[in-house]
Amino acid sequence: FGDGAQKRGFNFVSDVVDALLAAAASDEAAGRVLNLGGRRAYSLKELSQLFGRLAGAQSVFVPFPEHRRVIDIGDYHADWTKARTLLGWRPRVGLVTGLRETLAYFRRHGRHYR
């Protein structure tokens, strides 16, 4: 919905699992809130166009329905400095690689999600 200008940070699932395992093994991380984030923020339009190119599809942006407009969070890109400092964590899987792996997974296993 919208024009796709909203920006987001993205993490691939293996990076999230790495962070969770590192946090679970860290006394220093106990009881702390840690954000995870990607290397950079991407607009939803960039994400949609990139995904479309990889999947051989085309995205369409439509105006926000009024009942959905109120829940749009605008831009969000987490600062993962604390995770890097406490855990030595950083995102390893870039957006393009993550999207390719996700597409490959669903091409193989998508029938289980219908």
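**The largest pocket, the nonpolar core and the overall fold**

The largest pocket holds about 220 Å³ of space. It is lined by 14 residues, and those closest to its centre are Phe 10, Asn 11, Val 93, Gly 94 and Leu 95. Helix α5, which covers residues 95-109, gives the largest share of this lining, with 4 residues. Sorted by class, the lining of the largest pocket consists of 7 nonpolar, 5 polar and 2 charged residues. The structure described here is a predicted model, and the values below are best read with that in mind.

A step back from the pocket helps to place it in the whole protein. The protein contains 5 helices and 2 strands. Read from the N terminus, these elements follow the order β-α-β-α-α-α-α. Along the principal axes, the C-alpha atoms fill a box of roughly 45 × 35 × 25 Å. The protein has 114 residues, of which 26% count as buried. About 8,000 Å² of the protein is exposed, and carbon and sulfur atoms supply 55% of that area. Among the contacts with a separation of 6 or more, 88% are between residues 24 or more positions apart.

Attention can now turn to the interior. In soluble globular proteins, nonpolar side chains tend to be buried together. Here, the largest nonpolar core has 7 residues: Ala 19, Ala 29, Trp 80, Ala 83, Leu 86, Leu 87 and Trp 89. Helix α4 (residues 81-87) provides 3 residues, the largest share of this core. One member of the core, Trp 89, is worth following further. Not counting residues up to four places away in sequence, Trp 89 touches Ala 19, Trp 80 and Ala 83, which are listed in the core as well. The other residues that Trp 89 touches are Asn 11, Asp 15, Asp 18, Leu 36, Gly 37 and Arg 84.

Asp 15 leads on from Trp 89, and its position is in helix α1, residues 13-24. Is Asp 15 buried or exposed? Asp 15 counts as buried because its relative accessibility is 1%, and the cut-off for buried is under 20%. With neighbours within four places in sequence left aside, Asp 15 is in contact with Trp 89, Pro 91, Arg 92 and Val 93. Val 93 also appeared among the residues closest to the centre of the largest pocket. Asp 15 and Val 93 lie 78 residues apart in sequence, while their C-alpha atoms are 6.9 Å apart in space.

A second buried residue belongs to a strand. Ser 43 is part of strand β2, residues 42-43. Ser 43 has 10% relative accessibility and therefore counts as buried. Setting aside neighbours within four places in sequence, the contacts of Ser 43 are Gly 4, Ala 5, Gln 6 and Lys 7.

Two further residues show the opposite case. Ala 25 sits in the loop between α1 and β2. Ala 25 has a relative accessible area of 66%, so Ala 25 is exposed; the cut-off for exposed is over 50%. Although nonpolar by class, Ala 25 is thus exposed. The C-alpha atoms of Ala 25 and Arg 92 are separated by 19 Å, and the two residues are 67 residues apart along the chain.

His 112 lies in the segment after α5. His 112 counts as exposed because its relative accessibility is 56%. Between the C-alpha atoms of His 112 and Asp 72, the separation is 30 Å, with their positions 40 residues apart along the chain.

Definitions and conventions
Residues numbered from 1 in each chain as written. Predicted model: local features only at pLDDT ≥ 70, side-chain atom pairs only at ≥ 80, totals over all residues. Heavy atoms only, no water. 1 Å grid on protein atoms, 1.4 Å probe; cavity = no way out; pocket = protein on both sides within 12 Å on 5 of 7 lines; lining within 4 Å. Points joined across faces, edges and corners; volume = space filled by probe spheres on them. Core = buried A, V, L, I, M, F, W, Y, C linked by side-chain atoms within 4.5 Å. Buried < 20%, exposed > 50% of the residue type's maximum accessible area, 1.4 Å probe, protein only. Contact = heavy atoms within 4.5 Å. Areas by Shrake-Rupley, 256 points an atom, 1.4 Å probe, with all protein chains shown as cover.
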